[in-house]
Amino acid sequence: SGSMGKRKWSAIEVAVNLSQIISRTSAEFSVTAFTDDNNSNLSLFKAKSWDESLTVKAKERIANLHTSSCNSTPDYFAMRWGVQDLANRDAFKKVLLIITDAQFYGNTKQYEYLQKLADSLNVKIAIIGIDARLDKLKHFKNAVNLSFDEQKNEIFGTALSKLISSLGGR
């Protein structure tokens with residue numbers, strides 16, 4: 001969203017690197033960006049679909065996610081869409097990974113509801129905050145925050161290890 005400012009470049013770098021790491025595993029994944037259509041309606045941009053390999057073209061679409069940013073993101077609806085999309089997948093583990101500055105709109109109850117909905121559908125929400133609002137991240141069980149100045153060194157270090165551990169990994 002527009003609130004990311006310069007942080008969008010860090011978010012895109014994290015998305016590209018995580019996509020490359022995940023593609024080396026047997027996990028299926030998609031990469032979707034969410035924006036609004038200037039009327040606060042959810043608009044999706046699929047950078048990589050579920051059935052697509054991480055091709056050079058897919059990496060380019062992920063690297064160009066900044067072209068889909070706008071003034072705001074309907075965060076609640078985007079997260080709810082992601083939870084429901086994963087709930088419909090036939091997979092043992094389902095993780096919705098969100099890269100955000102956590103400038104969420106809406107009230108606390110909406111995000112607490114999303115966490116409960118995800119729990120009931122066996123979907124884990126994992127949030128990587130980039131200089132994120134901690135008052136919003138605290139509503140999610142699995143969230144880490146990276147400082148804008150530190151994230152390049154930190155993302156594949158202790159913060160990611162902490163997030164993986166909170167998801168039940170090693």
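These legends describe close-up views of a predicted model.

**View 1. The whole chain combines helices and strands.**
The chain holds 7 helices and 5 strands. Along the sequence they follow the pattern α-β-β-α-α-β-α-β-α-β-α-α. The chain has 170 residues, and buried ones make up 41% of them. Many contacts bridge long stretches of sequence: among those between residues at least 6 apart, 62% join residues at least 24 apart.

**View 2. Three strands, β3, β4 and β5, form an open sheet.**
The order is β3-β4-β5, and the pairing is parallel. β3 and β5 (142–146) stand at the edges. Each has a single partner strand, so one side of each is left without a neighbour in the sheet. From one strand to the next, the twist averages 15°.

**View 3. β3 and β4 are joined by 6 bridges.**
The two strands run parallel. V95 stands opposite K124 in β4. L96 has I125 of β4 as its bridge partner. α3 lies across both β3 and β4. Its direction is at about 155° to that of β3.

**View 4. Strand β3 has a covered face and an uncovered one.**
L96, I98 and T100 make up the covered face. V95, L97 and I99 make up the uncovered face. I98 belongs to β3. Is I98 buried or exposed? The cut-off for buried is under 20% relative accessible area. I98 has 13% relative accessibility, so it counts as buried.

**View 5. I98 touches residues far from it in sequence as well as being part of β3.**
Leaving out residues up to four places away in sequence, I98 touches M79, I125, A126, I127 and I128. A15 lies 83 residues from I98 along the chain. The C-alpha atoms of these two residues are separated by 9.4 Å.

**View 6. The largest nonpolar core has 18 residues.**
Which residues have the most contacts inside this core? They are L96 and I125. α3, β3 (95–100), α4 and β4 each supply at least two core residues. A second, separate core has 11 residues, including I12, A15, V16 and I62.

**View 7. L96 has contacts on both sides of its own strand's sequence.**
Neighbours within four places in sequence are left aside here. Earlier in the chain, L96 is in contact with M79, G82, V83 and L86. Later in the chain, L96 is in contact with V123, K124, I125 and A126.

**View 8. Helix α4 spans residues 108–120.**
The helix has 13 residues. From first C-alpha to last, α4 reaches 19 Å. That is close to the 18 Å expected at 1.5 Å a residue. Just after α4, N122 takes a positive phi of about 60°.

**View 9. α4 has a buried face and exposed residues on the other side.**
Y111, L114, Q115, L117 and A118 are buried. Why do the buried residues line one face of the helix? Seen down the axis of α4, they fall within an arc of 160°, so they line one face. K109, K116 and S120 are exposed on the other side. What do the buried residues of α4 pack against? Their partners are α3 (75–87) and β4 (124–130).

How values were computed:
Residues are numbered from 1 along each chain as its sequence is written. This is a predicted model: local features need pLDDT of at least 70, side-chain atom pairs count only at pLDDT 80 or more; totals for chains, interfaces and linings use all residues. Side-chain values use heavy atoms; hydrogens and water are left out. Helices (H or I, at least four residues) and strands (E, at least two) are DSSP runs, numbered from the N terminus. The expected span of a helix is 1.5 Å times one less than its number of residues. Buried means under 20% relative accessible area, exposed over 50%, partly exposed in between (1.4 Å probe, protein chains only). The arc is that of the directions from the helix axis to the C-beta atoms. Contact means heavy atoms within 4.5 Å. A nonpolar core is a set of buried Ala, Val, Leu, Ile, Met, Phe, Trp, Tyr and Cys residues joined through side-chain atoms within 4.5 Å. Two strands pair if DSSP finds at least two bridges between them. Axes are lines fitted to C-alpha atoms, for helices over the stretch in contact, and angles run from 0 to 180 degrees between N-to-C directions.
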